[in-house]
Amino acid sequence: MCGIIGYAGNKDAPEVVLKGLKKLEYRGYDSWGIITGNFDLVKNIGKIGHIQRHDLNLRVHTLAIGHTRWSTHGGVTLENAHPHLSQDKSIAVVHNGIIENYQQLKAMLQKEGFVFVSETDTEVIPHLLQKYYKETQDFKKAFKKMLNKIDGSYAILAIQKGNRGIYFARNGSPLVLGVGKNEYFVASDVPAFLEYSNQVIFLEDNQYGTIGTEEIGKEIQIFDLKTHKKIISNIQTINWKLEEAEKGNEPHFMIKEIKEQQETIRKSVEQSSETFAKTVSMIKDARGVFLIGCGTSYHACLSASYQFAHLAKMHINVVLASEFRNYTSFLNSKSLIIAVSQSGETADVIDAIKIAKEKMVKVLSIVNVKGSTIERLSDHCINMQAGPEICVVSTKAYTAELAILSLLALTLTEKIEDARKKILENISCLPRLIEENTIKLKKLAEKIKNQKSIFIIGRDIAYPAALEGALKIKEVSYIHAEGFAGGELKHGTIALIEKGTPCIILATPETRNLIISNAMEIKARGGFIIGIDQEENNVYDETIIIPNSGCGNALILTIPLQILAYHLAVARGCDVDKPRNLAKSVTVK
Ligand code: F6R
């Protein structure tokens, strides 16, 4: 995925767009580019975070669009960086998404003499616009014609020389308008312009329009791509605080977001009882429930399946969204899928929902980003209320997802007020846990930072926590890490244990006896044993003591692993908030 932003108003547009791109960098950071209304253009490889306004060779202007890229079609080169220009250099385009039929369109345009300078799918858009503008002499008509020609997912911004206004379109990739006083924004996500406006319009798929045209009363126009009728959209007020999208006093978003978790878990479970009541009745009425997600969200699903089994005595199927298509024979109108996604944009999850909908399956979703595709595809959606998660690596969204799912599991057998109280009491230890263990975890990170592998084992609810902890370590510190069910290591992977190999043991009161036996097996082969436990044990070479938090243990266990992953990354000099090769949401299958 990529981040895009456009601004039309009285401020210095390059500055607004530059700041916006910095806020959107979590969406991609291979390369970036900005173009202004008078077609001053700057593009660069790498991250935009350190760039200042005076570094940009762009004259002051009141209109600009920009892009920060996570490459899909074509490598990380200056030619592939957006904005892309039409052949006559009169039209500029930024795009997030994939144009699926770009090869056919490219071949057609090449036959007509258009020369492509990049390997991107995007470049067909400005060339098509040039072609259709030549035919119609009307940029709006050309824009519509271009949209009718392209297939795939997109959020597009286009500007034309001498034409005041930014043309936008959305289909399958997020795009939100910001409305200020005589100024207008259009971006992939709200934090990009939250500093200036919290008045927003979430665009729907198949909508297009313009902002910033000089015609009075037509400063914002939105149309339906199928009917071409004008759409009157409600302006919503976003209650996110600016500080939520800022690092504050912390050096990185990751550690700020780890520390926010008591508050974000509270917000996630303290939502209206009606929201949850509807969900609980959907679960009770269903015959066959599937929890689906990817990556960290999948781990939250897996962890929740243990909660449903233990607390509600209910079997729930947990399926990786990308594998869901193999389960279609078990779907009917009585089935329910619970789709879990921080971004609400993950292509594999969207694909699974579409497959389910073909079988008339009901869709419940748990999503953090408001106005997302997954939210709109669902019959009912619970918002996570975790606030913007800026670090590419997910932490607070994981615990918000799991807290909501745990609340649902508990609410199947007890009153929601009691369930909510139980969760909140169980996680009240969080700030102390973080404070008391951070120095120890930092020292531990220093000690093991040069190891080639780290293993984490846990049983029961500690098993998904082990998987999640290993994912955190891998993605942020680039150390190979694997999570295992305690009983599994001896079935093969124990062959990798050498003298000093760090093995983290996640213990709970229910699983301690067995997991300690597994720890002994590893110690006997020379492993360096780190216990995350409610008590000391002779087998541990190092111990991180955590409280026994009852049904909150699934949430609590992951926190020391998040902190360890963070300090491993810092100790190894990694780019904590923007790990290599990753993007905040994966909008490709
Ligand atoms: C890991 C991480 C990813 C995401 C996964 C799903 O830290 O961020 O594994 O969890 O790509 O993303 P969402 O939750 O947005 O569907």
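A residue is taken as near a molecule when one of its heavy atoms lies within 4 Å of it. By this criterion, 14 residues surround the ligand. Ser-297, Ser-341, Ser-343, Thr-346 and Glu-475 come nearest. The model is predicted, with local features requiring pLDDT of at least 70, side-chain atom pairs pLDDT 80 or more, and totals for chains, interfaces and linings using all residues. Residues are numbered from 1 along each chain as its sequence is written, and side-chain values use heavy atoms, without hydrogens and water.

Polar contacts (pairs of N or O atoms within 3.5 Å; within protein, one able to donate a hydrogen and the other to accept it, with residues adjacent in sequence counted only if both atoms are side-chain atoms) link ligand and protein. A ligand oxygen lies 2.5 Å from a side-chain N or O atom of Thr-346. For the side chain of Glu-475, the corresponding distance is 2.5 Å. Ser-394 offers a polar backbone atom, 2.9 Å from a ligand oxygen. The protein covers 90% of the 410 Å² of accessible area (Shrake-Rupley, 1.4 Å probe) that the ligand has on its own.

The shell comprises 4 nonpolar, 8 polar and 2 charged residues (Ala, Val, Leu, Ile, Met, Phe, Trp, Tyr, Cys and Pro are nonpolar; Asp, Glu, Lys and Arg charged; the others, Gly among them, polar). At least three residues come from each of domain 2 (248-428) and domain 3 (431-574), with bounds from an automatic or database assignment.

Glu-389 is buried (under 20% relative accessible area), at 3%. Its side chain reaches the backbone nitrogen of Ala-397 at 3.0 Å.

Methods
Buried < 20%, exposed > 50% of the residue type's maximum accessible area, 1.4 Å probe, protein only.
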